[in-house]
Amino acid sequence: MKEFLRRNGIWLLVIALLLSILIGVSSAFMGGNADPLSNLVTTITTPVRNGVAAVGDFFQGVSRYVFRYGEMEQQISDLEEENAQLQQQIRESQEALQENELLRNLLDLRERRRDFVFESAKVTARSNDNWRSTLTLSKGSESGIQEGNCVVTSTGVLVGVVSTVGSHYCELDTVIDPGMEMGGIITRTNAVGVLEGDFSLMQEGKLRLAYLPDEAQLVAGDEVLTSGRGDVYPSGLVVGQVEGVFNDVSGMNRYAVVVPEVNLDTLVEVFVIKEFDIVE
Amino acid sequence: MTTRDQVHKWFFYALGLIPIWVLDAFVLNRIAPFGVIPMLLPLAVAAVAVLEGAYAGTGFGLAVGLLWELSYAGGFGGLVFGMALAGMAVGAASQYVLSQNFFSCLLCSAVVLGALDGLRVLRALFIRLDTLDVLLRVAVPEVLLSLCWTPLVYLIFRFIFRRVGGTRLA
């Protein structure tokens with residue numbers, strides 16, 4: 001300690017404190033934007049992240065091929081069967097679409113929703129602690145991404161919401177992060193609630209649909225979509241399926257545990273919804 | 001030691017930090033052994049502080065805190081001061097109370113990790129994130145599984161210390 005004091009070690013602590021305050025204050029004033037230091041460091045380390053992610057994906061693929069060959073064969077056979085079923089469903093849905101189009105024309109309905117504007121991005125990093133669930137993507141404000149943009153998979157399944165934007169990267173809170181909160185709707189009954197992340201459920205990879213109306217009748221397997229209420233997030237994005245309905249600790253309110261459709265562990269490429277039309 | 005020696009020495013410590021950071025940031029969060037993502041950066045601070053003492057431990061803690069804050073999501077700045085303080089405390093403890101060996105490093109790592117997760121639990125309780133038992137079910141395995149990595153981290157930095165650490169280059 002004498003050596004520490006003799007060598008003015010206290011100044012190191014003062015510098016550390018000042019840096020902490022600087023980062024803290026700049027984070028607070030930047031809102032959802034990354035502070036300049038973080039932005040600089042992450043921009044510099046982005047090629048490293050991209051490289052490591054690419055190498056990691058490659059070795060993951062090789063190890064899957066080597067160690068899970070039998071399982072993959074079974075998966076291929078299952079997928080072929082599923083493909084046949086999907087082909088049938090596509091034929092049926094095409095008929096339904098044609099019928100739907102006809103009905104729209106008959107009723108002179110106008111299209112109330114235009115296509116989303118997407119920005120594709122790679123997942124370059126994942127949350128590195130057990131207290132949050134976040135992903136880092138390879139695109140940022142230079143690509144028009146903003147805080148609050150929803151992120152989906154190629155099949156339109158909700159992954160999360162952008163929380164911090166740097167110039168060439170962005171971070172998103174996934175659907176199971178405790179900070180997540182958005183309107184949800186059960187497609188079967190049209191019952192609405194609030195989708196929110198829950199710390200204990202996050203450890204199991206799930207989230208909850210809270211503030212359910214008393215009359216809402218939910219069953220396991222019900223599909224949950226975003227409701228779009230409040231016009232902050234787009235409606236109709238697939239979130240997941242109801243696993244069960246429970247009472248909270250007070251016993252007064254019910255909530256549903258929702259298993260997300262997205263598999264966060266295997267995500268490689270996602271799509272950020274930069275613009276959407278509000279459904280009236 | 002000359003300035004050149006100092007630069008040489010800390011260059012090697014920085015090199016030693018790279019594989020630990022890569023493991024922490026890109027590998028272990030994908031694998032998550034036993035479903036828990038370990039924290040390796042506090043172990044690096046504890047190892048260097050045990051080997052190099054309070055002054056160097058503070059500086060290394062400051063650098064690791066900056067790396068942690070700026071390259072990972074969701075930081076608020078406190079880790080820079082926290083890691084510098086941890087480096088100072090561990091360095092002082094190893095100089096005056098404990099000794100420069102693996103068991104001191106293990107003990108100090110446990111204290112640093114415990115303090116970090118203790119603060120996280122307190123914050124989570126304050127914002128009513130969840131109940132104490134749920135938070136402890138995350139914090140305790142996180143600390144214990146992180147400690148399992150102490151031998152590897154300590155070996156890396158002891159290897160560097162034996163070649164360029166202390167005043168060996170002088």
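Strands, in the sense used here, are DSSP runs of E that span at least two residues, and they are numbered from the N terminus. In this predicted model, two such strands of chain A, β6 (181–186) and β7 (192–196), are joined by a loop in which N190(A) lies. The backbone of N190(A) has a phi near 65°, which is a positive value in a residue other than glycine. A residue counts as exposed if 12 or fewer other C-beta atoms lie within 10 Å of its own, and N190(A) is therefore exposed, because it has 9 C-beta neighbours inside 10 Å.

Chain B offers a further case of positive phi, this time in a loop between helices. R128(B) is located in the loop that runs between α5 (102–126) and α6 of chain B, and its phi, near 55°, is again a positive value in a residue other than glycine. R128(B) is likewise exposed, because 8 other C-beta atoms are found within 10 Å.

From these loops we can turn to the place where the chains meet. On the side of chain B, 40 residues are in contact with 39 residues of chain A. The helices of chain B that each supply at least two residues of the side touching chain A are α1 (3–31), α3 (54–71), α4 (78–96) and α6 (132–147). It is α3(B) that gives the most to this side of chain B, with ten residues. Sorted by class, the side of chain B that touches chain A is made up of 24 nonpolar residues, ten polar residues and six charged residues.

Notes: Residues numbered from 1 in each chain as written. Chains lettered and ligands numbered in written order. Predicted model: local features only at pLDDT ≥ 70, side-chain atom pairs only at ≥ 80, totals over all residues. Contact = placed C-beta atoms within 7 Å. Helix = DSSP H or I, 4+ residues; strand = E, 2+ residues; numbered from the N terminus. Nonpolar A, V, L, I, M, F, W, Y, C, P; charged D, E, K, R; others polar. Buried ≥ 20, exposed ≤ 12 C-beta atoms within 10 Å, placed from the backbone.
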